[in-house]
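Here are my notes on the model you sent round. Please read them with the structure open.

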Amino acid sequence: MGNCMGFSDVCNRQKNTNIRWRLPAVCFVWQLSMIVLFGVFVRYNEESDTHWVDYRKEKNITSDIENDFYFRYPSFQDVHVMIFVGFGFLMTFLKRYSFGAVGFNFLIAAFGIQWALLMQGWFHSLDYTDGKIKIGIENLINADFCVAGCLIAYGAVLGKVSPVQLLVMTLFGVTLFAVEEYIILNVLHAKDAGGSMVIHTFGAYYGLSISWVLYRPDLDKSKHLNGSVYHSDVFAMIGTLFLWMFWPSFNSAIADHGDGQHRAAINTYLALASTVLTTVAMSSLFEKTGKLDMVHIQNSTLAGGVAVGTAAEFMLSPYGSLIVGFFCGIISTMGYIYLSPFLEEKLKIQDTCGIHNLHAMPGVIGGIVGAITAAAATNTVYGDLGLENTFDFTGPFNKRVPTIQGGYQAAGLCVALCFGIGGGIFVGLVLKLPIWGDPADENCFDDEIYWEVPEDEESVPPVLAYNNHVIPNKNADMRETNFVEQS
Amino acid sequence: MGNCMGFSDVCNRQKNTNIRWRLPAVCFVWQLSMIVLFGVFVRYNEESDTHWVDYRKEKNITSDIENDFYFRYPSFQDVHVMIFVGFGFLMTFLKRYSFGAVGFNFLIAAFGIQWALLMQGWFHSLDYTDGKIKIGIENLINADFCVAGCLIAYGAVLGKVSPVQLLVMTLFGVTLFAVEEYIILNVLHAKDAGGSMVIHTFGAYYGLSISWVLYRPDLDKSKHLNGSVYHSDVFAMIGTLFLWMFWPSFNSAIADHGDGQHRAAINTYLALASTVLTTVAMSSLFEKTGKLDMVHIQNSTLAGGVAVGTAAEFMLSPYGSLIVGFFCGIISTMGYIYLSPFLEEKLKIQDTCGIHNLHAMPGVIGGIVGAITAAAATNTVYGDLGLENTFDFTGPFNKRVPTIQGGYQAAGLCVALCFGIGGGIFVGLVLKLPIWGDPADENCFDDEIYWEVPEDEESVPPVLAYNNHVIPNKNADMRETNFVEQS
Amino acid sequence: MGNCMGFSDVCNRQKNTNIRWRLPAVCFVWQLSMIVLFGVFVRYNEESDTHWVDYRKEKNITSDIENDFYFRYPSFQDVHVMIFVGFGFLMTFLKRYSFGAVGFNFLIAAFGIQWALLMQGWFHSLDYTDGKIKIGIENLINADFCVAGCLIAYGAVLGKVSPVQLLVMTLFGVTLFAVEEYIILNVLHAKDAGGSMVIHTFGAYYGLSISWVLYRPDLDKSKHLNGSVYHSDVFAMIGTLFLWMFWPSFNSAIADHGDGQHRAAINTYLALASTVLTTVAMSSLFEKTGKLDMVHIQNSTLAGGVAVGTAAEFMLSPYGSLIVGFFCGIISTMGYIYLSPFLEEKLKIQDTCGIHNLHAMPGVIGGIVGAITAAAATNTVYGDLGLENTFDFTGPFNKRVPTIQGGYQAAGLCVALCFGIGGGIFVGLVLKLPIWGDPADENCFDDEIYWEVPEDEESVPPVLAYNNHVIPNKNADMRETNFVEQS
């Protein structure tokens, strides 16, 4: 232990990564605020309140099974898995940042969902009769969705920020999300069941902009840790697969009851299947002797789910879904091969997980596909009632027609982009303040800075410890040698 | 192989851990008993029987979707994941007891659910017309719940007992559980949807009492194995997250149809989110330079789910749930830092997984919260019908009022405590008999004793193998050296 | 990197494993074909189409909750997890074939489900009015089921074939599956809810036959890689547990609404629980000093789920399920201990994962149990309406009686066997063509051939790297030494 601490002190000469007061302070203040705000504002809605028995009678609902809970709960739990295990494990690929990946993902998601319930509640679930936010299962799903945007952004800055920075990033991220979501879904009345625009485009550009502002010219100093080991790649596949498998639930979770949810699941299932094949094809085509690259398999296989988000609820048709997935697998894999190095070298955007390839580009594609599909909708394909139902051409929007809807969809995409980029630059500047305890360039991608890492190998004589690959260079003395630098 | 076996022989001079006859004998005898007892007693209930078509007509049920299966099956599968993956992987954190953690968890859960179906069936699902237990989906959930109590207890003795002991412990545990559950839920008519009292308080004190009776003064001899390595901590996070994510399903699985399940899920979701933040805060506050400790993140983040168990179904209100989670994160983390060492040194309770902090204290808190919330229930908040529905003030209990109910809730907590402590001491004494093949003090926390561990590194020259940290000291010769002892 | 490539070149002198053009070409051609065929043939069915609103009115359906989506979606997602995480991670047990296990499983499943939607659609979901296949949630489940057959087959050839071969194997496998399924379920009108015959018997004999044709007499050359390391065994338990936990969903996913699904879940739950105990018993009984073998725990514990597949929907009764599980645990474990070596030595069938013990024998047992249970069905046990409902004695089959049904069930089993063996031999011969880029005997079970494996240890001096057990012998020079051969 002694040595390790000595080593930490060395780092701290350059940067103070001691978060002993800052992290607890932020957590406590924010959690207490949540309690107060929830106390003032949040109540159960009529389907989760004990008055449901009266409500049921009043609305002439014949069975408890028609409580919205039973329409959405299975999807909710799948989405919940995507947020915590999916995003969390997807980022464990780094050889010694698995604690940070899964642990900080856990932290910011747990905070974000509370703040999201409030922010989204004010915009969408406020009961004007008593000024309270009334929550039910759909609010929980939306809170998970909202947090997904921030977790996407985390992917861009993975390993380069402190947990305090992540909490700040999440606070602003959720706030911006709720506003852009309100503008896109309510003001513009665009549809976005799976959140290609609202979640993925916004989240990705938010993260990329932050990463751009926080550019580290000397990040190469921790290059030896910016890669995977065999088992960390297997851990990351847990994340990939749970995201991939449950994406149909993600895109259908808040779709219309009945055919809406049903169709969204089918479209997503197909788009994702298609993406896997083109990802494998491109990965093999561009690597020497046709070998596959785990980075592509872990990430690009998911692009189809992102891109089919907006149109999942529409009559995209099964082959339309396959086509979307087909191109996204290609584009996303090409992004990893050609675009990521370009972004880093030329545009100074360091994107640890490659969220530009997994969320940004497919998200934009998803917005465009949604706009086109909406504009092309006809009464023949949808049926009169089906068209009205699917696009909610009711109330103040009862005069809207598909072509106009297409335009509003496109406008929604622009809003997401603006909020992502603008918000990201602003938050990036906030995070640049030297008060958040972020790691020095040579300590990026290293759990040692923020976590007690098991030290069972410490007493091993140094000469043998060079080979200690799972938890390498724990020892300050070792750092002095340059074995690690060579790797 | 030769060396390893030689090493095993050395251990066996002290203690006979050969379970060749005992484990198969116990498994066969018990499984055969299960078959006979199921043959005599267990049948499908009217919703899982082919006579459902007639029953449906008779009861005027309009659709198959009103079969209880569709109300509870999604929650059931989530609970099932918690039992087998959640508990199993949570305990894989030890560097070389992952096989035992996940494997024995699997064994005792698979046995326990069968015995639980019988025990709980006799108390709750006996059809007096034909003397048969009639089972359906709710029985499966309750069996999983019952086994959860025993798996919690396993956490206290992890690495220190043989599989035969675990099976004995489960046999008695399930039996005691069924009796205390009957007293609490039926005789006292207390409510405990998520089992804060029935499952967590009972299970934790049952395990702690057993561990107290089985106290090993020389456990330090295997201290070098009582810790984690990097990847074993990541494995444990799989368990943590699946428990955390699916806890809303756990607490809502057997709640009332409709608003009951809906509200239980919301309350649990919120309590758990709150717990994460205070756990992180406390962990950072009490570790040097604010680093986070994986032990806290893996365990204390779950305390809110335990503590909100009893009151999950009540009108605890969203901010009430946050408050419960808030304090549980603090108390549980403090428990790991201050109370666990105290329990071990002063009270002679060796608690491998810290179940006192994760289940015992939060369970008691949950019982108290439940009692207070029940006592404070009013017709204004619940509505007349809602109050009656939520607390089942019907039949012989139609005269009961909330304040009285609060008293019975508190009585229920005492019953759980008594059964846990009393039962644990008794079973601990049974397990002390020298016939169960438990490991010697120097072989605790070591899969080598009960598992064929892959031996691919054996031919590596000894001088290099010191560094073999994943599967260390396989080799008897190595044990002679004291490299390991230093770590 | 240089050395490794040099090493690869060495291998390639013997066999060309360069799949740079072949894999992408196959992926692109097949995915494009899928798009065209889906464009021509596949449409949404009436429950996933926007016309559902009209359909609902027309059919007098009172609520959206009666859309088939809500009956089957939770089970679907569980099955999806079994296919991608269950099968994928179950096969990660090999020390350095985890990428291939989980990655190729992903690839062939993603391709297979598309082809299955078409093949099964033509047989089962063709709308003769417009010549289109109309798909809904049940089709997605069936596609997953169909692919399960091919993934079982993959288990037999794991580590010994190229991804191109796997894709060919899947193309033929799905085609054969769809035909045998049609014959068994529609022509013979046999029942097979959990696919003991249709999925497991067919899939296993298909894979075993292929493996027999592709017999490698010199497979011993890569014997040092045909085994596990500690953490790869833990990864495999993720697969085991998700298969085990979600098997009730597998067997009930396409069972009849209401009591059918309910009963299938109960039967499977019980059979699996029973299997765990007898597997542990047998494993302990036949290993020295009663130690448990991870191979048995990972695989044989699942045999009960396979064997209860056909009869899951029947009135097998709870104790009947326990009995089936009881014997399957014994038989499957004995298979691993005695039969697998026999198959390899005498019958020249190299079965990497032991699918003969996990799928073939239990599948056949399942078929027989199904035939007997069907033949023994009586009006007393099932009720008049229940009997008709369970066995679909309607339409052209309204004259069939249980005894006759038993005969047809047995005939179904024979069809599955014939298709599996015959199809496997044929496809094996196709795969023997020297154009598919399969690995040389000394490169089997090695991810290095088809994957970019992380190379972070390369610069470690050779003398230390002997101990590098997670990613051993990356280095051509090291191979020259015989340290690895000793292990």
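The points below go from the single chain to the contacts between chains.

1. Status. This is a predicted model. Every value below is computed from it, and the annotation in point 3 comes from a database record.

2. Domains of chain A. The assignment splits chain A into two domains. Domain 1 is made of two segments, 1–18 and 454–487. Domain 2 is one run, 19–436. Taken over C-alpha atoms, the centres of domain 1 and domain 2 of chain A lie 38 Å apart.

3. Annotation. An unreviewed UniProt entry places "domain: Ammonium transporter AmtB-like" on residues 68–438 of chain A. Helix accounts for 72% of the chain over residues 68–438, and strand for 2%. The end C-alpha atoms of that stretch are 43 Å apart.

4. Symmetry, chains A and B. What rotation superposes chain A on chain B? The turn is 120°, with 0.0 Å of shift along its axis, and the RMSD is 0.0 Å. That is how copies around a three-fold axis are related. In chain A, the C-alpha nearest the axis belongs to A:Pro74, at 3.5 Å.

5. Symmetry, chains C and B. Chain C goes onto chain B by a turn of 120° with a shift of 0.0 Å along the axis. The RMSD is again given as 0.0 Å. Within chain C, the residue closest to the rotation axis is C:Pro74, with its C-alpha at 3.5 Å.

6. Interface of chains A and B. Here 90 residues of chain A contact 84 residues of chain B. Interface size is often quoted as the accessible area lost when the parts come together. For chain A and chain B, the buried area is about 7500 Å². Carbon and sulfur atoms give 73% of that area. Which three residues supply the most of the area that chain A buries against chain B? They are A:Tyr44, A:Thr50 and A:Phe106, which together supply 10%. The rule finds zero salt bridges across this interface of chain A and chain B.

7. Interface of chains C and B. Chain C brings 84 residues to the contact, and chain B brings 89. The area buried between chain C and chain B is about 7500 Å², with 73% from carbon and sulfur atoms. Zero salt bridges are found across the interface of chain C and chain B.

8. Surfaces used. Do the copies meet through matching or different surfaces? Only 12% of the interface residues of chain A are also interface residues in chain B, so chain A and chain B meet through different surfaces. The contact of chain C with chain B gives a figure of 13% for the interface residues of chain C, so here too the copies meet through different surfaces.

9. Backbone check, A:Lys348. Phi of A:Lys348 is positive, about 60°, although the residue is not a glycine. A:Lys348 sits in the loop between helix H13 (318–345) and helix H14 (355–375) of chain A. With a relative accessible area of 37%, A:Lys348 is partly exposed.

10. Backbone check, B:Phe445. Is B:Phe445 buried or exposed? B:Phe445 is buried, with a relative accessible area of 1%; the cut-off for buried is under 20%. B:Phe445 also has a positive phi, near 60°, and is not a glycine. The loop that holds B:Phe445 runs between helix H17 (402–432) and strand E4 (451–452) of chain B.

Key. Residues are numbered from 1 along each chain as its sequence is written. Chains are lettered from A and ligands numbered from 1 in the order in which they are written. This is a predicted model: local features need pLDDT of at least 70, side-chain atom pairs count only at pLDDT 80 or more; totals for chains, interfaces and linings use all residues. Side-chain values use heavy atoms; hydrogens and water are left out. Domain bounds come from an automatic or database domain assignment. UniProt positions are given in the numbering used here, feature names are shortened, and annotations may be inferred rather than shown by experiment. Helices (H or I, at least four residues) and strands (E, at least two) are DSSP runs, numbered from the N terminus. Copies are superposed by least squares on the C-alpha atoms of residues with pLDDT of at least 70 in both. Contact means heavy atoms within 4.5 Å. Buried means under 20% relative accessible area, exposed over 50%, partly exposed in between (1.4 Å probe, protein chains only). Buried area is the accessible area (1.4 Å probe) that two parts lose on being put together, summed over both. A salt bridge is a side-chain nitrogen of Lys or Arg within 4 Å of a carboxyl oxygen of Asp or Glu.
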